[in-house]
Amino acid sequence: MKKDPQQKTADLTHKLPEAENPYQLSKLKLTKVEKWAAGVPAVMAAVSDLIEDKTILRGGKALFKMNQMGGFDCSSCAWPDPDDDRSPLGEYCENGAKALAEEATTKKVDAAFFKENSVYSLSKLDDYQIGKMGRLTEPMYLPVGGTHYQPISWNEAFTKIASHLNALESPNEAAFYTSGRTSNEASFLYQLFAKEFGTNNMPDCSNMCHETSGTALKTTIGIGKGTVTLEDFYDTDVIVIIGQNPGTNAPRMLSALEKGKNNGAKIIAVNPLPEAGLMGFHNPQAIKGIIGSGGKLTDLFLPIKINGDMALLKAIELLLIELEKKNPGEVFDHEFIKDKTTGFENFEKQFENLDLDHLAFLSGVPKDLIIEAAKILAFKKRIIVCWGMGLTQQPNGVDMIREIVNILLIKGSIGKPGAGVCPVRGHSNVQGNRTMLIDEKPTNEQLDRLQNYFGFSPPRNHGYDVVGTIKAIHDEKVKFMFCMGGNFLSAAPDTTYTAEAFRKLKLLVCVSTKLNRGHLIHGKESLILPTLSRSDMDIVNGEVQIISTENSMGVVQSSKGVLKPISNQLTNETQIVCRMAMAVLGEKSVIDWKRYHDSYDDVREAIENCIPGFENYNSRVREKGGFYLPNAPRHGQFTAKESADRAAFTLTEIPDNELEPDEYMMATTRTHDQFNTTIYGMDDRYRGIKNERRVIFMNQNDIDKAGFKAGDKVDLFNYNDGIERIAPLFLIVSYQIPERNTVTYFPETNVLVSVNNVVKESNMPASKYVKIKVKKHDPAIYEKIKHM
């Protein structure tokens, strides 16, 4: 069989290479920019995806079991379900329905499919086309020098994994990645296997989304999670949403915001773009949302510059200090500050040298709007602050979240009903993964519990996170990688660099439900192991099993699939881990992997004995609505890094965001037709984009000053580390965005995000802070890319 030509950089930027021009733009159509989210269009979009995936009956029936008691947890976002009162009309959103449509499809990616399609030919498709192929149905193997994946038995697959792992010179030459869809049970066993094998190289999707939140919150309040519950949103005074777009990233959050607003809460939104889901909401389960005008959400919108958030937060604090001086005891909670915090005097002193006008200029927000925001906050104590990756993927994201905590501490707004911090997590069990000890930096206390219960000595050295793993693979320090779900290649920064690294792996193993680009930019050998989705029935010993997940507010609940699996060769993640452990470790293991292979209840019993908060796990997870994990700050009990019983004020710096005259600041974002790296369609309905993803949003003044016109074709460049990174052929779209700021979609522009452009302390890719240059499109750029 003739070997296909070596894949070039063209394959990495997700467009079909044809002739000399590998990037084909669709016919971009600009439609109305929406001022509200959801409503009838969201319902129609959800139904259309079920139709497109030919699963209107199978998938439609399953929709009414999604996020319901006794049903299955959505594999999309981690927004919590109501503890009790769940709507019989459905507890799902448009993106959840799209995710289910792709899980419930009857289209198959089987051995015959791979026989007909080479890896090279599949790599020429865009991510949308790849994802729409259907469900993987059987294990597949790509040999050294192979051009096509070929079928392999499960036993042969585990033998091959064992052969590679046991041939490594050190366990630290292996890395084990986890995505947020992995259940608590599978995650616990997965980290247990890695530790018994001998490594803490456990990069996970937290390293790319909310590692920043955990880093900031652990050191200030003592827990790396949010402190509020869903009920707090219903009865609060102020909700601040900063760097987060609920209409696209967590659409079910809109119902909570609507309920809070109807009960009197004020909503402040802080974002470079006036997103539809921040501005208004048409609830598709209410008459008003279907035939009426819906409801306005945001009371005050602050159009922040990219990374102007720190200046804004300090400006608000400066104003609150001034208001407290005029109204002693009415703005600050001095009793809370005295009894529950440390470091207030130094925190307050810094404002003696700060100027409001200068801070407003740095933030990009008009001073009068900042004054209005401070007045809304000044005499309220029940305040919730929510944020997403608009903060966590900034270089100073850890400090900005600490500054949010500073504001809440002076107000006494943590540890009481209707008040606290709310990092809005992305993937559905990303928080549960971390609770289950998926962490490249486990604590000695965590490791001691594992050692005492299982009787082996886990490694104590810290392992590689995502960025560290990419560099280690590139340097050939890591030679084997196992990906438990996800699409690591498309999610990671510096696409060309990451792809070059992947091709150096001796074996890449991907546990997946459907085809993605990570299977096509591969190691010297590669395995695809097909697994069950959340909606599939997971049958062990003749019984449909429950698994469990943890939502973004610390609730652990059961999930039980309802769909008959599309193939009898699909294996659940828990058993995949156990079979791998038995094949790799054999008689050397002190753990009864066969026991856990056969009983999820026994897995949960082990979790109960190793992780605090899971007492009576098997009983409580079967209770209606599940159970809350311990959260001391939720109840006003703090353990900051520097103090055993207090929350800590933090001193932070205002960043220098100076740009060269021809530079722009770029933030990557997702479309509304996308969840993480999964592309559901080519439209971005709320932002008025149809048929195209290769667009760059720019302020009209910037377009004019640069001599461009809306609709012009341009190439994008980044020069971090002295390296020219190129994302070719984008279309300019004029948009309401601060000057010198631009927004593009990922993963198309991940190629511009340097692997060294990371968040201080959390080491996350800073994908919301990328300095770029925009140049008129040059067709000759393709030849340059080919030889990079």
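**Salt bridges**

Begin with the charged side chains: the count comes to 41 salt bridges, a salt bridge being a side-chain nitrogen of Lys or Arg within 4 Å of a carboxyl oxygen of Asp or Glu. The model is predicted, so local features need pLDDT of at least 70, side-chain atom pairs count only at pLDDT 80 or more, and totals for chains, interfaces and linings use all residues. Residues are numbered from 1 along each chain as its sequence is written, and side-chain values use heavy atoms, with hydrogens and water left out.

Select Lys160 and Glu525. Their side chains meet in a salt bridge, 3.4 Å from N to O. This pair links distant parts of the chain: Lys160 sits in helix α8 (residues 154-166) and Glu525 in strand β18, 365 residues apart. Helices (H or I, at least four residues) and strands (E, at least two) are DSSP runs, numbered from the N terminus. Is Glu525 buried or exposed? At 10% relative accessibility, Glu525 counts as buried. Lys160 is partly exposed, with a relative accessible area of 22%. Here buried means under 20% relative accessible area, exposed over 50%, and partly exposed in between (1.4 Å probe, protein chains only).

Next, select Asp235 and Arg382. Their side chains form a salt bridge at 3.0 Å, N to O. Again the pair links distant parts of the chain, 147 residues apart. Asp235 is in the loop between α11 (230-234) and β8 (238-242). Arg382 is in the loop between α20 (367-378) and β14 (383-387). Both ends are partly exposed: Asp235 has a relative accessible area of 47%, and Arg382 has 27%.

Now go to Arg622 and Asp601. Their closest N and O atoms are 3.0 Å apart, in a salt bridge. Arg622 lies in the loop between α31 (617-620) and β23 (627-628), and Asp601 in helix α30 (residues 600-610), so the pair ties together parts that are 21 residues apart in sequence. Arg622 is partly exposed at 46% relative accessible area. Asp601 is partly exposed at 29%. Add Glu185 and Arg604 to the selection: with Asp601 and Arg622, they are linked in a network of salt bridges.

**Strand β17 and its neighbours**

Return to Glu525, in strand β18. Strand β18 covers residues 525-530, and 6 bridges join β17 to β18, which run parallel. Two strands pair if DSSP finds at least two bridges between them. Select Cys510 and look across to β18: Ile528 stands opposite.

Then turn to strand β16 (residues 480-484). 5 bridges join β16 to β17, and these two also run parallel. Which residue in β17 is the bridge partner of Phe482? The partner is Val509.

Select the whole of β17, residues 507-512. How many of its 6 residues are buried? The count is 6 of 6. In a regular strand the side chains alternate between the two faces of the sheet. On one side of β17 are Leu507, Val509 and Val511. On the other are Leu508, Cys510 and Ser512. Both faces are covered.

**An antiparallel sheet**

Go back to β23, which follows the loop that holds Arg622. An open sheet of 3 strands has the order β21-β22-β23, with antiparallel pairing. The edge strands are β21 (547-550) and β23, each pairing on one side only. Select β22 (residues 555-559): 2 bridges join β22 to β23. Val555 stands opposite Tyr628 in β23.

**The largest pocket**

Now show the largest pocket, with a volume of about 1,200 Å³. To reach its centre, select Lys218, Gly222, Ile223, Gly224 and Gln446, the closest of the 38 lining residues. A pocket is an open set of points on a 1 Å grid over the protein atoms alone, where a 1.4 Å probe fits, with protein on both sides within 12 Å along at least five of seven lines; lining residues have an atom within 4 Å of a point. Grid points are joined across faces, edges and corners, and the volume is the space filled by probe spheres set on the points.

Colour α10 (211-220), α23 (430-435) and α24 (444-454), the elements that give two or more residues to the lining. The largest share, 5 residues, comes from α10.

**Cysteines**

Finish with the cysteines. A search of the whole structure finds 0 disulfides, a disulfide being a pair of cysteine sulfur atoms within 2.5 Å. Why is Cys422 not bonded to Cys386? Their sulfurs are 4.2 Å apart, too far for a bond. Cys422 is buried, at 2% relative accessibility.
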